[in-house]
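Here is my note on the model you sent. The points are numbered, so take them in any order you like.

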Amino acid sequence: MALMITDECINCDVCEPECPNEAISPGETVYVIDANRCTECVGHFDEPQCVQICPVACIPVNPAHVENHDSLFAKYIRLTQDEAS
Ligand code: SF4
Ligand code: SF4
């Protein structure tokens with residue numbers, strides 16, 4: 001599953017540099033996660049790095065982007081190949 005950031009985000013900016021997939025960016029009001037780039041950190045870390053570091057716990061699973069581990073790993077491979085090409 002991709003994760004998402006809720007409007008409880010305080011725009012502290014600590015999560016953006018922690019994301020191994022560059023999936024997090026400033027949005028119009030709060031930070032946003034690109035579901036096409038979020039692998040829940042599968043392929044990089046055992047735990048979602050943004051969730052680990054967020055001080056206000058505002059990063060739940062995105063119900064619009066439910067994916068299993070295989071799908072997340074396939075996304076990780078695709079992103080890695082995009083970077084290499
Ligand atoms: Fe990035 Fe990992 Fe957070 Fe997804 S779970 S946005 S890949 S840090
Ligand atoms: Fe928002 Fe949490 Fe990221 Fe800070 S760490 S910018 S509060 S989502």
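**Notes on the predicted model**

1. The model is predicted, so read every value below as computed from it. Start with ligand 2. Of the 14 residues around ligand 2, the nearest are Cys9, Cys12, Asp13, Cys15 and Cys54. By class, the shell of ligand 2 holds twelve nonpolar residues, one polar and one charged.

2. Now ligand 1. Its surroundings include four cysteines by name: Cys19, Cys38, Cys41 and Cys50. Leu3, Pro20, Asn21, Ile24 and Ile33 also lie around ligand 1. So do Thr39, Glu40 and Pro48. The shell of ligand 1 splits into nine nonpolar, two polar and one charged. Cysteine is counted as nonpolar in this classification, so the cysteines fall in that group.

3. Next, the core. The largest nonpolar core has 17 residues. Ile5, Ile24, Ile33 and Ile59 have the most contacts inside that core. In general, nonpolar side chains of soluble globular proteins tend to be buried together.

4. Look at Ile33 in more detail. Ile33 sits in strand β2, residues 31-33. Is Ile33 buried or exposed? Its relative accessibility is 14%, and the cut-off for buried is under 20%, so Ile33 counts as buried. Beyond its neighbours within four places in sequence, Ile33 contacts Leu3, Met4, Ile5, Ala23, Ile24, Cys38 and Ile59. Among these, Ile5, Ile24 and Ile59 are listed with Ile33 as core residues with the most contacts. Leu3, Ile24 and Cys38 are also named around ligand 1, as is Ile33. Glu22 is eleven residues from Ile33 in sequence, with 8.9 Å between their C-alpha atoms.

5. Lys75 deserves a check. Lys75 is placed in helix α2, residues 69-84. What is the relative accessible area of Lys75? The value is 7%, so Lys75 is buried. Which residue does Lys75 pair with in a salt bridge? The partner is Glu67, at 2.9 Å from N to O. Both Lys75 and Glu67 are buried. A search of the whole structure finds one salt bridge.

6. Lys75 has a further partner. Its side chain reaches the backbone oxygen of Ala35 at 2.6 Å. Leaving aside neighbours within four places in sequence, the contacts of Lys75 are Ala2, Ala35, Asn36, Arg37, Cys38, Thr39 and Glu67. Of these, Cys38 and Thr39 are also named around ligand 1.

7. Pro60 belongs to the loop between α1 and α2. Pro60 is partly exposed, with a relative accessible area of 35%. Pro60 and Leu3 are 57 residues apart along the chain, yet their C-alpha atoms are separated by 5.7 Å. Pro60 touches Leu3, Met4 and Thr6, not counting residues up to four places away in sequence. Leu3 and Met4 are contacts of Ile33 as well.

8. Two backbone angles to inspect. Asn11 has a positive phi of about 55 degrees, although it is not a glycine. Asn11 lies in the segment before β1 (24-26). Asn11 is partly exposed, with a relative accessible area of 37%. Ala57 is not a glycine either, and has a positive phi of about 50 degrees. Ala57 is in the loop between α1 (49-53) and α2. At 68% relative accessibility, Ala57 counts as exposed.

Key
Residues are numbered from 1 along each chain as its sequence is written. Chains are lettered from A and ligands numbered from 1 in the order in which they are written. This is a predicted model: local features need pLDDT of at least 70, side-chain atom pairs count only at pLDDT 80 or more; totals for chains, interfaces and linings use all residues. Side-chain values use heavy atoms; hydrogens and water are left out. A residue is near a molecule or strand if one of its heavy atoms lies within 4 Å of it. A nonpolar core is a set of buried Ala, Val, Leu, Ile, Met, Phe, Trp, Tyr and Cys residues joined through side-chain atoms within 4.5 Å. Buried means under 20% relative accessible area, exposed over 50%, partly exposed in between (1.4 Å probe, protein chains only). Contact means heavy atoms within 4.5 Å. Helices (H or I, at least four residues) and strands (E, at least two) are DSSP runs, numbered from the N terminus. A polar contact is a pair of N or O atoms within 3.5 Å; within protein, one must be able to donate a hydrogen and the other to accept it, and residues adjacent in sequence count only if both atoms are side-chain atoms. A salt bridge is a side-chain nitrogen of Lys or Arg within 4 Å of a carboxyl oxygen of Asp or Glu.
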